[in-house]
Amino acid sequence: MGELSKRERMAMDRTPIGVRDPGERMGDFDEVSLGYTSGLAILEASRCLNCTRPVCIDGCPVGVRIDEFVKLVADGDIEGAAAVIQRDNVLPAVCGRVCPQESQCEGSCVLAKKGRPIAIGYLERFVADYERSHATRHDPVAVTRTGRRVAVVGSGPAGLACAGDLNRLGHAVTVFEALHELGGVLAYGIPAFRLPKDIVRAEIGRLEREGVAFETDVLIGSGMSLDDLMGPEGFDAVFVGTGAGLPRFPGIPGEDLIGVYSANEFLTRVNLMHAHDRSARTPVYDIADRPVVVIGGGNTAVDAARTSLRLGARTVTMLYRRSEAELPARLEEIDHAREEGVDMRFLVGPVSFNGEDGWLRSVTVQQMRLGEQDPDGRARPEPIPGATDVVDADVAIIAIGNAPNPILMRATPELQTTRRGTVSVDPITGATSMPGVFAGGDITTGGATVILALGAGRRAAVAIDAWLRGGEAGAVEPSFLLE
Amino acid sequence: MDGRFTVRAVSSEGPDIHRLLVHAPRVARYVRAGQFVIVRTTPDGERIPLTVCEADASEGTIALVVQGVGRTTFDILELVQGDQFADVLGPLGSPTHVEYYGSCVVVAGGVGVAIALPVARAWHGAGNRVVGILGARSDAHLILHHDFTKACDRVMVTTEDGSAGERGLVTDALGPLLDEGLVDRVFVVGPIPMMRAVAAMTQPTGIATIASLNPLMVDGTGMCGGCRVAVGGETRFACIDGPEFDAHLVDFDALERRNTAYREFETCQAALGGSARHG
C-alpha cells in the first residue's frame, strides 16, 4: 500500500468498523463494536498522509506517537506499533474504545477538514487487541530499582498511568483501591458493551507483570491517612487519583423516592455487582417493561440509557437541558444509543419526581430555551415560564455529573482545595500543598475524560520521580509536553 | 496459613446472632468508634455494611456481630473458624465525636447494641458518665450485656416479654432519666421506630441526640448515593457524612420507606438460599 500517492490517499474513504446488529446486541452486554481485521486496519492506516508535522499528536493528552504507530500498522508491523503506543499509553485498548477521538487526535487530523480523519481510535484499539491476543509475552523491562516507595491512591486511569510510569522509572509502586475490583470508573462506571471488563483486567495485568503492586479493599482517608502513608506505612511519595465519584443530585422534590437512582448506583449495581445476572446477589429494580428516564447528556447518561434497554425497559428517554448540538457524549455512543431505541428529548430539565406510596411514577419537566453563553462558551438553558409537562417514569436515573470524592480532603485539612472541592495542584506537576503528595485526574479537574486523567497521571509521575531524586517538583517539564 | 480476612473465632450471642473475630489488620489498626466495614462473603457476593464492635490492633483482629436477616447475613452465620471473607473494606464512615459532654445516655436496641458498645466505651473513656439502655425482644436476644456493663456507669435493660430487666421499651427507661434533667447527650441506634421514638422524646428537651442510621448501601465510599438520607431537608450520604446524624433532623419516614426498596427481591433471594428457613 506504500505506493499510493497523496492524492489517492486523500480520495479514500474512512474504513468503517464492524458493529453488531442493534436487535442482536440488545439481548446481552457483549461489546457493540467489533473492531478492525488486520486487512481493514492496514487499509485505514495506509490513508495516513504522513504529515511532516503530525498535528494529531497535539490532540493527544498523553502524547502517543500517532504518526509512528500508524505508519507501522500500514507496514504490517502490528507488534512494533503496539510497542510505540505502550511507551506513552498504559491503557491503549481502553483508550481506543472510550476516548472522545473526535475532539482530540482525530479532531486534529488534517483530514478532519474533509470529514474523514484517520480512524486513530479504531487503529489504537486494533493494535492493542492484536498485541493482547498475538504477542509473545515480553519479560518486564529490567530497570534499576531506586529503593523509593510510592503509594498511588485509586486504581482509575490517573493512578494506573502514574503507577506505570513510576514503576518503569524504578520506583516501587503500590496502588490502593477501595473497591474489590481494580480500574475505578473503568470497572464500576463504563458498561461492558462499551468496554469489556476482561480488557480492563488485561491492561492492569500488564502493569502487574511489570512490577506494580495492587491492593484492593483499602480506602485512604476514613482510616489510614496520607500522613500514615508517608509515616508508619513507609512511603516516600503519594499520588492521589481518587476521581470524581460523588454523584450530584438535582436537589428537587421527590429525589428520595424509590426508583430514583444516581447513574453511579445504577451502573455500579450492574457493572460491578452484575445485578443483571439472575444469579447475582445484588439487586437492581426490575425495570422490565417499565418506562425509564435518564437525566443528563454525557457519556454516563448514554451508558445508563443503553443499560436500561438491555435490562428490558419498555421505553428509555434521555432528558437533556440543552440542545442536541451541546450533547457532551461521544458521537459514536449517541449514534449507537439511537440505533438501539433510546429516545432523546432536548431542552428539558426535571423539576420534581412524583411518586405513589414511596415509589416513583413520573417526572415533571420544565421546558427550556437557549439563552446567553456561559463563560465556557456553551449556551445557557433558561426555563420557559409556564411550560412544563409530565413524563411517565417508574425509574429515573440521574446522570448530571459527579463531584470530587471528599473523604480524603475531609481527613486531611492541610491538603488545599479549590472552591469546587477539587484538590489544588500545580497544573503541570500535580504537586499539592503537602510536600511529597501529588494529585491528578478528576480529583483535580472535576469529572473529565479517561485520557485527560492518564495525561495528568503521567505528568505527575515525571514530577514525583524528580522529587524523589531530590529535585524541585515545580521545576520539572515532562518531556512529552515539549513539542 | 492465616490469609486475608480469615475468621479466627465464632461465638453465638443469641438466636441467629454470631460474633465473629476476623483477621483484618489494617481495619484493626485504624478503626475508631462509630465506624463500620463493608464485607463480601464470596467473590460473587453482595456488599453489606457491618459495624466493628471491637478491634485489637496488636492481634490484627476485629469483632463483628451479625444477625441473620437476609441471604448474605445468613451466609455469614454459616462461617466457621478458618473460613475467609472475600473482602473486608474499612474502616468506613465518620467516627463518633468523642469529647467530655458530662452525662450521656447510650440507647441501643437489638443488634444495635454492637454498634453502641464502642461509642459507650469511647464516651466513658473521655470522662463522661455513661448510662446504657439496652432493649431486646427477650433475654435470649439480649447481646453484649456483660461488655456493656463494663463500659458504662450504669446499664438498664428492657425486654418486650420481661424475661430480662424491665418489661417494656427503651423509651420507658429513658423517660425518667430525661425527667431528672441530668442528661447532656443521647446516642441511639436500633430499629427505625425506636430511633424515631427516642428522637421525639428528646426533641422538646433540646438534648443533643445522635442517631446511627442503617440505610441500604452498595459501595460505602460515597460513590453511589444509594444510602442517601434527608437530614434537615438536605440530602446526605450515610456512608461518608454519617452514619451518625442529628436525630432531631433525620427524616425517619423516608429512611424507613427507602429501606423497603428490595424487599421483594430479598424474599426471593431468601427462598433461593440454603438458609431459607428464616425467610
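In this predicted model, R4(B) pairs up with D217(A) in a salt bridge, with 3.9 Å between the closest N and O atoms. That distance makes the cut because a salt bridge needs the nitrogen and the carboxyl oxygen to be within 4 Å. Five salt bridges turn up across the interface of chain A and chain B, along with 19 residue pairs in polar contact. On the chain A side, β7, β8, α13 and α16 each give two or more residues to the surface that touches chain B, and α13(A) has the largest share, with four residues.

As for the interface as a whole, 44 residues of chain A meet 43 residues of chain B. The two chains bury about 3700 Å² between them, and 51% of that sits on carbon and sulfur atoms. D217(A) shows up again here: together with D256(A) and R281(A), it supplies 21% of the area chain A buries against chain B, more than any other three residues.

Away from the interface, the largest nonpolar core has 71 residues, and I66(A) and F69(A) touch the most other members. Helix α18 of chain A chips in nine residues, the largest share of this core. Beyond its close sequence neighbours, F69(A) is in contact with several residues, including V64(A), A81(A), I120(A) and V127(A). A second, separate core of 59 residues includes A403(A) from chain A and V170(B), V188(B) and M217(B) from chain B.

Then there is K197(A), in helix α11. K197(A) is buried but has no salt bridge, and D303(A), the nearest side chain of opposite charge, is 8.3 Å away. A polar atom of the K197(A) side chain does lie 3.3 Å from the backbone oxygen of L195(A). Among the residues K197(A) touches are L186(A), I190(A) and P191(A).

Note on methods:
Residues numbered from 1 in each chain as written. Chains lettered and ligands numbered in written order. Predicted model: local features only at pLDDT ≥ 70, side-chain atom pairs only at ≥ 80, totals over all residues. Heavy atoms only, no water. Buried < 20%, exposed > 50% of the residue type's maximum accessible area, 1.4 Å probe, protein only. Lys, Arg positive; Asp, Glu negative; His and termini not counted. Polar contact = N/O pair within 3.5 Å; in protein donor to acceptor, adjacent residues only side chain to side chain. Contact = heavy atoms within 4.5 Å. Core = buried A, V, L, I, M, F, W, Y, C linked by side-chain atoms within 4.5 Å. Buried area = accessible area lost by both parts, 1.4 Å probe. Lists of a residue's contacts leave out its neighbours within four places in sequence.
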